[in-house]
Amino acid sequence: MDSPNYTVYCPAMSSAHDILQSVFGFSSFRPPQDQIIESIINGDDALVLMPTGGGKSLCYQIPAIVRDGCGVVISPLIALMQDQVSALKLLGVRAAFLNSTLGPVEAREIERALIEGQLDLLYIAPERFNQAHTLKLFKDSRISLFAIDEAHCVSQWGHDFRADYLKLSLLHELFPEVPRIALTATADERTRVEIKTRLQLNEAEQFIVGFDRPNIRYRIALKHNAKQQFLKFLRDEHAVDAGIVYCLSRKKTEDIAYWLQAEGFNALPYHAGLSADIRADHQRKFLRDEGVIIVATIAFGMGIDKPDVRFVAHLDLPKTIESYYQETGRAGRDGAPANAWMIYGLQDVIKLRQMMEGSDGSEEHKRAEQHRLNAMLGLCEITSCRRQALLSYFGETLQQACGNCDCCLEPAQTWDGTEAARKALSVTYRTNQRFGVNHLIDVLRGAETNKIFQFDHHLLASHGIGKELDNNQWRSVFRQLVARGYLSVDLERFGALRLEESCRALLRGEESIQLRRDIKQKAAKRQTKTSLAPDVDIALWEALRECRRLFAEDQGVPPYVIFHDSSLQEMCVNLPQDMNAFSEVTGVGDRKLEKYGPAFVRVIADHLAA
Ligand code: ADP
Ligand code: ZN
């Protein structure tokens, strides 16, 4: 493979590269992993912003192995520590964790190992930093680095805020000589600044990695019959795949999960209202079994390190682009094609606007939230490339339309909605901004309902002036007017629509508006039921999966900890029949070669002989 010339300049980087190959079984760094690793090895601090799946872990794992002493990884995700540590142990790395799931005897054992210099990596929960005991423990040990994972948890503005993270500023004062690396996938400027100040990382070098996730296909469609639309999507494209479905309410996650079970899918609910045992069990199944669908509120997913999540579906609109991006980012970490699929409708917009109005934050906070929701709505309604819009929200420019989002694949049609918009705004005005969308549409369409007669709305000039559009078309007009901020939703009046200042020009005829033409979703172009390459022999693939499953079961780890799907695929294509050839497969380091090589090589040989 490409032999780096580090050898001459930096022996530490040469050993970093050796470790990459011999321990992790990867042939090369993904830039800027190498630069980050070099900084940390040199004892500098770093702030790393990298999208989910970008490869943050290696950035501290390798320096922790190279540097003298133990690397301490602070992570709020104690449910994942066990798997992270098991995965490292399988690679031959001396790793352990300290969190509330351990009994005192086990914890003491690990503390002893730390002090005696027998660990390369220690994962620890942030609340431990409240204990003087922990700080003393670190003082008594040799620490090679502190890695602060999910560093955006220090941000009081974000929804992942953890008060314990604020304590981490201590690290700089107590251990000035130990390098610190803070990592997050949350990109916005404000969070970045907060991380730097709160963690005293002003001197740290920043590494910002492009946020694009080219293997994820973004699709946002109009909701008309949510369940049927979703079922079709699953059956057509993900009949056997693992995925995550996000819903807004706890109740809905359960409804959807049980409904999917009835439709024959292996689906499980996950939300903060379930007992810790059930949540842990469902998360474990999601990680360990294949093809499990988790139906969750946003309580699920932070730091879920499952590489083969093939789709993320949103049945409700996320509140911000940040959440949307973070949640969809859980798909396709392994780099193989994955879908980010969402449906939304006017009702979602109204519900979210109401939730925000009703929340008890400050006015400033509410305004900020509204602003973020508007950006999310903008993304839903655009007719140009969604990826370009997403990236530009995070301050990046993508020169060309991506070719892998619904807007690129099936260009949306627009129509001149100026006249319709004016009718919609004026009926809102003439009914004194006191009615919701259904009634307004009735008036426009000239309906003769009790409510219309009750309020004398059959006498309005607006009554019956909108017969040219049907109910769905009018809903589309109203939705887009709300989404673009011409109309707002009045909470006090149960979803009554109100005019916003910005609608004046449109009402007066000084401005025109292009609206998106909503189409009933056509059968989507098939991606593939699995991400298998065409030349893969299914029988061999299944045999390798079975071999992997047996090892995983034996060792009590998820299958992907043994080998990723991509490694199995490589085996199917390259057909390694001896240990030497097997060692070339991505993800095969020395330890895995020795442990699993013979069994997998035999499976391949048997298959070829059959
Ligand atoms: P993050 O923490 O940024 O979400 P991870 O550290 O979990 O991402 O890495 C995502 C995936 O990419 C993992 O499966 C990891 O093994 C793989 N990976 C990371 N770095 C490399 C590399 N240099 N070569 C090949 N695969 C890599
Ligand atoms: Zn696109």
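In this predicted model, the zinc ion (ligand 2) is held by the sulfur atoms (SG) of Cys-385, Cys-402, Cys-405 and Cys-408, at 2.3 to 2.4 Å. The angles among the four donor atoms run from 101 to 119 degrees, and the site is tetrahedral. For four tetrahedral donors the ideal angle at a metal is 109.5 degrees. Along the sequence, the donor residues of the zinc ion (ligand 2) follow the spacing C-x16-C-x2-C-x2-C. Two of these donors, Cys-385 and Cys-405, link distant parts of the chain, being 20 residues apart: Cys-385 belongs to the loop between helix 16 (363-381) and helix 17 (386-393), whereas Cys-405 belongs to the loop between helix 17 and helix 18 (406-409). Cys-385 counts as buried because its relative accessibility is 5%, and Cys-405 likewise counts as buried, with a value of 0%.

The protein chain is divided into four parts, namely domain 1 (3-208), domain 2 (216-406), domain 3 (414-516) and domain 4 (538-609). Between domain 1 and domain 4, the C-alpha centres are separated by 30 Å, and contact is made by 13 residues of domain 1 with 15 residues of domain 4. The size of an interface is often expressed as the accessible area that is lost when the parts come together. By this account domain 1 and domain 4 bury about 920 Å² between them, of which 62% lies on carbon and sulfur atoms. Zero salt bridges are found across the interface of domain 1 and domain 4.

Individual positions in the chain add detail to this picture. Ile-41 is placed in helix 3 (residues 33-41) and, with a relative accessibility of 11%, counts as buried. When neighbours within four places in sequence are left aside, the residues in contact with Ile-41 are Ala-12, Met-13, Ala-16, Pro-63, Val-66 and Arg-67. Ile-41 and Phe-551, which are 510 residues apart along the chain, have C-alpha atoms separated by 34 Å. Ahead of helix 3, a cis peptide bond with omega of about 0 degrees joins Pro-31 and Pro-32, and Pro-32 is found in the loop between helix 2 (11-22) and helix 3.

Glu-570 is placed in helix 26 (residues 565-574) and counts as partly exposed, with a relative accessibility of 22%. Although Glu-570 and Val-585 are 15 residues apart in sequence, their C-alpha atoms are 6.6 Å apart in space. Beyond the neighbours within four places in sequence, Glu-570 is in contact with Leu-575, Glu-584, Val-585 and Thr-586. Of these contacts, Leu-575 is placed in the loop between helix 26 and helix 27 (579-582), where it has a phi near 50 degrees, a positive value in a residue other than glycine. Leu-575 counts as partly exposed, at 27% relative accessibility. A positive phi of about 50 degrees is also assigned to Glu-150, again not a glycine, which lies in the loop between strand 5 and helix 8 (163-166). Glu-150 is buried, its relative accessible area being 12%.

Side chains of opposite charge can pair when their charged atoms come close. Over the whole structure, 32 salt bridges are found. One of them is formed by Asp-68 and Arg-142, with the closest N and O atoms 3.1 Å apart. This pair links distant parts of the chain, 74 residues apart, with Asp-68 in the loop between helix 4 (56-66) and strand 2 (70-74) and Arg-142 in the loop between helix 7 (132-139) and strand 5 (143-148). Asp-68 is exposed, with a relative accessible area of 55%, and Arg-142 is exposed as well, with a value of 54%.

Buried residues also take part in such pairs. The side chains of Lys-306 and Asp-308 meet in a salt bridge at 3.2 Å, N to O; Lys-306 is buried, with a relative accessible area of 2%, and Asp-308 is buried, with 14%. A further salt bridge brings together Arg-310 and Asp-334, at 3.0 Å from N to O. These two residues link distant parts of the chain, 24 residues apart: Arg-310 lies in the loop between strand 11 (293-296) and strand 12 (311-314), and Asp-334 in the loop between helix 14 (321-328) and strand 13 (338-344). Arg-310 is buried, with a relative accessible area of 4%. Elsewhere, Glu-290, Glu-542, Arg-545, Arg-548 and Asp-565 are joined into one network by salt bridges that share partners.

How values were computed: Residues numbered from 1 in each chain as written. Chains lettered and ligands numbered in written order. Predicted model: local features only at pLDDT ≥ 70, side-chain atom pairs only at ≥ 80, totals over all residues. Heavy atoms only, no water. Donors = N, O, S within 2.8 Å, 3.2 Å for Na, K, Ca; no water. Tetrahedral: all angles 85-135°; square planar, octahedral: opposite > 155°, others 65-115°. Helix = DSSP H or I, 4+ residues; strand = E, 2+ residues; numbered from the N terminus. Buried < 20%, exposed > 50% of the residue type's maximum accessible area, 1.4 Å probe, protein only. Domains from an automatic or database assignment. Contact = heavy atoms within 4.5 Å. Buried area = accessible area lost by both parts, 1.4 Å probe. Salt bridge = Lys/Arg side-chain N within 4 Å of Asp/Glu carboxyl O.
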